[in-house]
Structures are given as structure tokens and as C-alpha cells.
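Q: Please take a close look at a single part of this structure. Then set it beside the rest of the fold.

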Amino acid sequence: MSHTKLVIGNKNYSSWSMRPWLLLKAFDIPFEEVNIALYQDNTAEKLGPYSPSLKVPALLHNEITVWDSLAICEYISEQLLDGRGWPANPKKRASARSVCAEMHAEFPNLKKDWPMNCKASVELFVSDKIEDEIARIDAIWSCCRRKYGTDGRYLFGRFSIADAMFAPMAICFQSYGAKLSQEAQAYANTLLAHPHVQQWIEQGQQEEESMSMSNVSNMY
Ligand SMILES: N[C@@H](CCC(=O)N[C@@H](CS)C(=O)NCC(=O)O)C(=O)O
């Protein structure tokens, strides 16, 4: 019988952990969750047996280890979802892969200055660089919804890896008061209303650890 173990960090802060966790939950895939508090004296020792990068998330599936959020989402789709993590249509799938890669690789200022914190509710300063990055995410959300999402409520219609990759941004935007277009805000509201996004936020808000901004910026 197959065994799936997902190693994650603090739910309040670890946006990279949230992405594959949400994908597994959204598709109702049973898994064991291993929670490791980050930036503690023994964190590296605890992560060592699971994660070659000493970062979270890491996925252990039978004898196979996969690390790094996007690689894990790809693996989950391929091995546990018969490819259903991505849109079936090749054109949609190409765009879904592109926006996921962009989320993974880009937005350095949002990652540094607007890190996920499920407990936060405060208007943050919007620098020009942050404004540009928010505008790009707004454009991705609005464009995907309009062009590819008309047969459902998510970026490409039904829930996909793309929604899991962007869900933490919806939390950040809500926490820090980002001003979005109507279309992008409607999509952010859909993500925030997802039962497993709600579950993640609630569990994150119950955690007691609190981190310094420099650590939190590293975690995004
Ligand atoms: N590119 C990696 C980033 C993983 C990452 O930075 N994880 C953070 C937590 S969200 C972490 O483990 N930080 C611990 C550290 O840097 O020591 C991914 O997509 O999974």
C-alpha cells in the first residue's frame, strides 16, 4: 500500500509548505503530515532525514523523496492524480505551467517584504517595486480567469496546481491590504473561501511560534 508523507514548516509562515499541502487536500489524497518548526536550534537536525535541501516542503512517497514545492506538485500530479493536477487542455496546461514557474521564480520584493503571516492584518507600505509585482499578479489572475477559467471558479476552471501556487499570495494580499482589480479580487476571495485554505489559516493562527521579520522573509 502506498504511503505519502509531507514534511512542512510552520503553517503561519511557510507559504512554500502550503502549496503541495493544499494540492493534496484539494484532491482528497490521504497523507501523513510531519510538522517541523523552522529556525529552531534543532531544525536542521529534524529536517536532515527528510529533506536534502534542509528546507520544507519535502514529500516522501514510498521509497522516493521529492523536495521543492513545484517539483512536489508536479510529482503529486504525475504519480497520485493521473495528471489531474494540471488542466487537460494543452494550451491551458502550458499557461498553467508558465504562471506557476513565474510564481516560483519571480516576485522577489513581495517575497521579501510581504511574507505570509496568517495572523497579520496591517496595511503595509506599497513601494513602486511592490506595486509592479502586485500589478503583474493581478494581470495573471484576471487574464487566466477571463481566457481559461470560464468553466469554473479557479484560474483554469477547476482547481489546479496554479491555484495551489497562488493561494499564499491571496493570504498576503488580504493581510496587507493590496488593492486589486475587481476580477483579481473576486478570484482572491474564491481562494480564501476554499475550505482547505481556511483550514490552513486557522491552524496557522493557532501556532504559538513567532518569527523575526528577517527569518520570515527567508521563508516566503
Ligand atoms: N524553492 C523552495 C523554497 C523552500 C523554502 O525556502 N522553504 C522555507 C520555508 S517556507 C524554509 O525551509 N526555510 C528554512 C531555511 O531557509 O533554513 C520551494 O519552492 O520549496
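A: Helix α4 (residues 90-105) and helix α7 (residues 161-176) have axes (lines fitted to C-alpha atoms over the stretch in contact; N-to-C angles, 0 to 180 degrees) that come within 9 Å and cross at roughly 25°. This makes α4 roughly parallel (under 35 degrees) to α7. The model is predicted, with local features needing pLDDT of at least 70 and side-chain atom pairs 80 or more, while totals for chains, interfaces and linings use all residues. Residues are numbered from 1 along each chain as its sequence is written.

The crossing of α4 and α7 is left-handed (near helix turned anticlockwise from the far one by less than a right angle). From α4, the residues A96, V99, C100, M103 and H104 meet I161, A162, M165 and F166 of α7 (C-beta atoms, placed from the backbone, within 7 Å). By class, this contact of α4 with α7 has eight nonpolar residues, one polar residue and no charged ones.

Elsewhere there is an open sheet of four strands, in the order β2-β1-β3-β4, with mixed pairing (at least two DSSP bridges). At its edges stand β2 (32-35) and β4 (64-67), each with a single partner strand, so one side of each has no neighbour in the sheet. On average, neighbouring strands of this sheet are turned by 20° against each other, direction ignored. Strand β1 (residues 4-8) pairs with strand β3 (residues 58-61) in the antiparallel sense, over four bridges. V7 has A58 in β3 as its bridge partner.

Two helices lie across strands of the sheet. Helix α1 (residues 15-26) lies across β1 and β3 and runs at about 150° to β1. Helix α3 (residues 69-80) lies across β3 and β4, at about 135° to β4. Helices (H or I, at least four residues) and strands (E, at least two) are DSSP runs, numbered from the N terminus.

How values were computed
Angles under 35 degrees count as roughly parallel, over 145 as roughly antiparallel, 65 to 115 as roughly perpendicular and the rest as oblique. Ala, Val, Leu, Ile, Met, Phe, Trp, Tyr, Cys and Pro count as nonpolar, Asp, Glu, Lys and Arg as charged, and the others, Gly among them, as polar.
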